[in-house]
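Have a look at the sequence and the model below. We'll start from a single residue and work outwards.

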Amino acid sequence: MELTYLLKVADGVEMRAGDWRRSWTRRRWRRRLVAAALAAAAAELFLQRGRRKKKNRRLSEDRREKERGKKTEDCSLDEGLVKGKIVVCDRGVNLRTAKGEVVRKAGGAGMILANGIFDGEGLVADSHVVPATAIAAKAGEKLRKYISSAEVKSPPMGTIIFRGTRLGIRPAPVVAAFSARGPSSQSPDIIKPDLIAPGLNILAAWPAGVGPAGIQADSRRAEFNILSGTSMACPHVSGLVALLKAAHPKWTPAVIKSALMTTAYVRDNANGSIIDESTGSPAGVFDFGSGHVDPQRAMDPGLVYDVSPAEYLNFLCGLNYTDQNLRAITRRPVNCNSVRRAGRVGSLNYPSFAASFIAGGKERFRFKKQFVRTVTNVGGPSVYRAVVREPEGSTVRVEPGQLVFRRTGQKLSYVVRLEAEQPDEKMEPGSSRVSSGSIAWTDGRHYVNSPVVVSVQAPLE
């Protein structure tokens, strides 16, 4: 079936790949498209300002999504260019399913939704109203070049083949392109994210009064749909928390979080490093945190890191929250002055380690940081030994290197002493160097793992 690639950047400006060679030079088309794009952006900004003044409030994300979808549905394509063809659409700006509705109304036989360079290699499944498929950025660039280079006598051709459900995909899991990344700007001494969970192309319940495409034109009705996002990963983790709480009623929220983090895995089903879907390269600690959740291992973590309410208060005082801020949480008077000196952020009994340093002058020197952690034995009597994987350019010492537990519920503490070298080469102002490693405790059956991150940042001046 013939392919067509349409660019529509503003009302009245529409282009088919191939037309620009016959009617306009590339340079003139670029000028016209850029001018139209700027005009469209200015018009949109004006409309947004008008709406804000009129309504005097910011629209919710869901409301904005619906408006973008409605705006796309109100657009139109030249039926003469589209009818009976597979239309290649660029992903972005408008709802993906709304683009398909515009193609359907113009008589298009199908749609290929192609990622741009900023969308990367991440793909999201949608319940389109026309036969459609999605392709990543690299494939999208090849397809656009193929269509642009086609001759009039030999138009570009394509076929969409639906192969059904595929199992045993490798590599899996991967970090979704839209997944939130670290580090935390508010508290860089706490590694974020904590972990990752399934959130891409999830079979989920769907409301009866809304079509699966999520647009007004979709009259279909379904009980389930394929959804993606943090809104899908969150219920997975919430369900795991409920499962762990049912199995261990006395566990605190901090213990449950620790069990999920220290038992997470960082290798995919091909025994390689988990891949970042947006780049196709191995993901890092600021992409997946402690790793991907493992429910079975979390049921029996061996050791856990508990955090008391007082420790959380010290932590928040260390972040310069005011007494009034904390009173809204605790519902009782709080005096940060008495705890701020002891409330260093790094002292929180957290199942991860992060050290942030500011690079000095021309002379090289070593940065030092110390952590104190307390672990609770939730298994039987056992002996744990420390296994350290040092971040590049750093040395890590764990004292003691062995923990002997004689009973369940016993608590033991250890100290981590970290030293990091300033990079040899000169760093650009504001740039940073990040290296990662890990500290794990194992008794031969359990493997209690915690990530270690060392960040060295150059001053802005």
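Where is the place of Ser-127? Look in the loop between strand 4 (110-114) and strand 5 (132-135). Keep in mind that this is a predicted model.

Sitting in a loop doesn't leave this serine exposed. Buried means under 20% relative accessible area, and Ser-127 comes in at 18%, so it counts as buried. Who is around it? Setting aside the neighbours within four places in sequence, Ser-127 is in contact with Thr-97, Pro-212, Ala-213, Arg-220 and Asn-225. With Asn-225 there is also a side-chain link, a polar contact of 2.7 Å. As for Leu-227, that residue is 100 residues away from Ser-127 along the chain, yet their C-alpha atoms are separated by 9.3 Å.

Next, a helix. In helix 8 (residues 253-262), 8 of the 10 residues are buried, so the helix is largely enclosed by the rest of the structure. The buried set runs Ala-254, Val-255, Ile-256, Ser-258, Ala-259, Leu-260, Met-261 and Thr-262. Their cover includes helix 7 (230-247), helix 10 (295-298), strand 10 (303-304), helix 11 (309-318) and strand 18.

Strand 18 takes us to a sheet. Here 5 strands make an open sheet with mixed pairing, ordered 11-18-17-13-15. At the edges are strand 11 (353-358) and strand 15 (402-405), each pairing on one side only. From one strand to the next, the twist averages 15 degrees. Within the sheet, strand 17 (residues 432-442) and strand 18 (residues 447-457) run antiparallel and are joined by 11 bridges. For a spot to zoom in on, try Val-434, which stands opposite Ser-455 in strand 18.

Conventions
Residues numbered from 1 in each chain as written. Predicted model: local features only at pLDDT ≥ 70, side-chain atom pairs only at ≥ 80, totals over all residues. Heavy atoms only, no water. Pairing = 2+ DSSP bridges. Helix = DSSP H or I, 4+ residues; strand = E, 2+ residues; numbered from the N terminus. Axes fitted to C-alpha atoms, helices over the stretch in contact; angles between N-to-C directions. Buried < 20%, exposed > 50% of the residue type's maximum accessible area, 1.4 Å probe, protein only. Contact = heavy atoms within 4.5 Å. Polar contact = N/O pair within 3.5 Å; in protein donor to acceptor, adjacent residues only side chain to side chain.
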